[in-house]
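I opened this notebook to record a few look-ups in a single structure. The entries follow the order in which I made them.

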Amino acid sequence: MPRKGQTLRFNLLAMFIAIIILQTSIPLIGYIPIGPLSITIISATVVIATILMGTLDGAIVGGAWGALTFIRAFVWPTSPLATIVFVNPVVSVVPRILIGVVAGVTYQALRKRFKRQSVSISIAAVLGSLTNTVLVLGLIYVFYRANAPQLYQVNIKELLPYLLSVVGTNGIPEAIFCGVVAPLITLPLQRMLKGRL
């Protein structure tokens, strides 16, 4: 890659990581409360970075979000649950990295199949967002189901239905949001950056 392209890549990586720092630090920028729910929109940032810069860089941006989640669980937890669950890097970091991997692989596989690029971006965004939701909740079930009464005030038998309801109430709206917003932001940026990366 030419030197200018490398410089632009590093600048874009820094910009996306800075956006994620803002989204995790300032209320309403990364998490939108809707009634009792809190919709996470940070996965859209990871997907946009992935589509613009590639799977590896998307995984790096996702990893930055995961690292911030992990650090915040110790120094500035968003909830009492975070101090128990997100101190495990397998739960806090790995699903965030895999947003970029899943979105990148999906986009590369679909972009030549659809005439409209927005369709392949939307599908990649939805799958990337759902990857995060399903893995975080699945890993919580695997690692912390014995703590269900303390964590969620539900018994172990009710934990799986409870987590599946969270996928429906939070995960689906997050995925829809990501699928709608990602192409709206990514396509103009792709045109602007064409030939420069």
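The entries below cover annotated spans, one helix, two residues and one pocket.

**Entry 1. Status of the model.** I note at the outset that I am working with a predicted model.

**Entry 2. Annotated spans.** I looked up the UniProt record, an unreviewed entry, which lists residues 12-32, 93-110, 122-144 and 164-187 under "transmembrane region". I then checked two of these spans against the coordinates. Residues 93-110 are 94% helix and 0% strand, and I find 26 Å between the end C-alpha atoms of that span. For residues 122-144 I obtain 100% helix and 0% strand, with the end C-alpha atoms 33 Å apart.

**Entry 3. Helix H3.** I asked what span helix H3 (residues 55-75) should have. With 21 residues at 1.5 Å a residue, the expected value is 30 Å; the end C-alpha atoms are 30 Å apart, so the two agree. I next listed the buried residues of H3: Asp-57, Gly-58, Ala-59, Val-61, Gly-62, Gly-63, Ala-64, Trp-65, Gly-66, Thr-69, Arg-72 and Ala-73. Charged side chains appear in this list, including Asp-57 and Arg-72.

**Entry 4. Asp-57.** I selected Asp-57, a residue of helix H3, for a separate check. Its relative accessibility is 4%, and Asp-57 therefore counts as buried, the cut-off being under 20%. Setting aside residues up to four places away in sequence, I find Asp-57 touching Arg-9 and Leu-13.

**Entry 5. Ser-118.** Is Ser-118 buried or exposed? I find 18% relative accessibility, so Ser-118 counts as buried, given the cut-off of under 20%. Ser-118 belongs to helix H7, which runs over residues 117-144. When I leave out neighbours within four places in sequence, Ser-118 is in contact with Pro-183 and Leu-187. Leu-187 is also the end residue of the annotated span 164-187 in the UniProt record.

**Entry 6. Second largest pocket.** I looked up the second largest pocket and recorded about 300 Å³ of space in it. Its lining holds 18 residues, and those closest to the centre are Ile-51, Leu-52, Tyr-107, Gln-117 and Gln-190. Which elements give two or more residues to this lining? I find helix H2 (42-53), helix H6 (94-110) and helix H9 (156-193). H9 supplies the largest share, five residues. Sorted by class, the lining comprises eight nonpolar, six polar and four charged residues.

Conventions
Residues numbered from 1 in each chain as written. Predicted model: local features only at pLDDT ≥ 70, side-chain atom pairs only at ≥ 80, totals over all residues. Heavy atoms only, no water. Helix = DSSP H or I, 4+ residues; strand = E, 2+ residues; numbered from the N terminus. Buried < 20%, exposed > 50% of the residue type's maximum accessible area, 1.4 Å probe, protein only. Contact = heavy atoms within 4.5 Å. UniProt positions renumbered as here; feature names shortened; annotations may be inferred. 1 Å grid on protein atoms, 1.4 Å probe; cavity = no way out; pocket = protein on both sides within 12 Å on 5 of 7 lines; lining within 4 Å. Points joined across faces, edges and corners; volume = space filled by probe spheres on them. Expected span 1.5 Å × (residues − 1).
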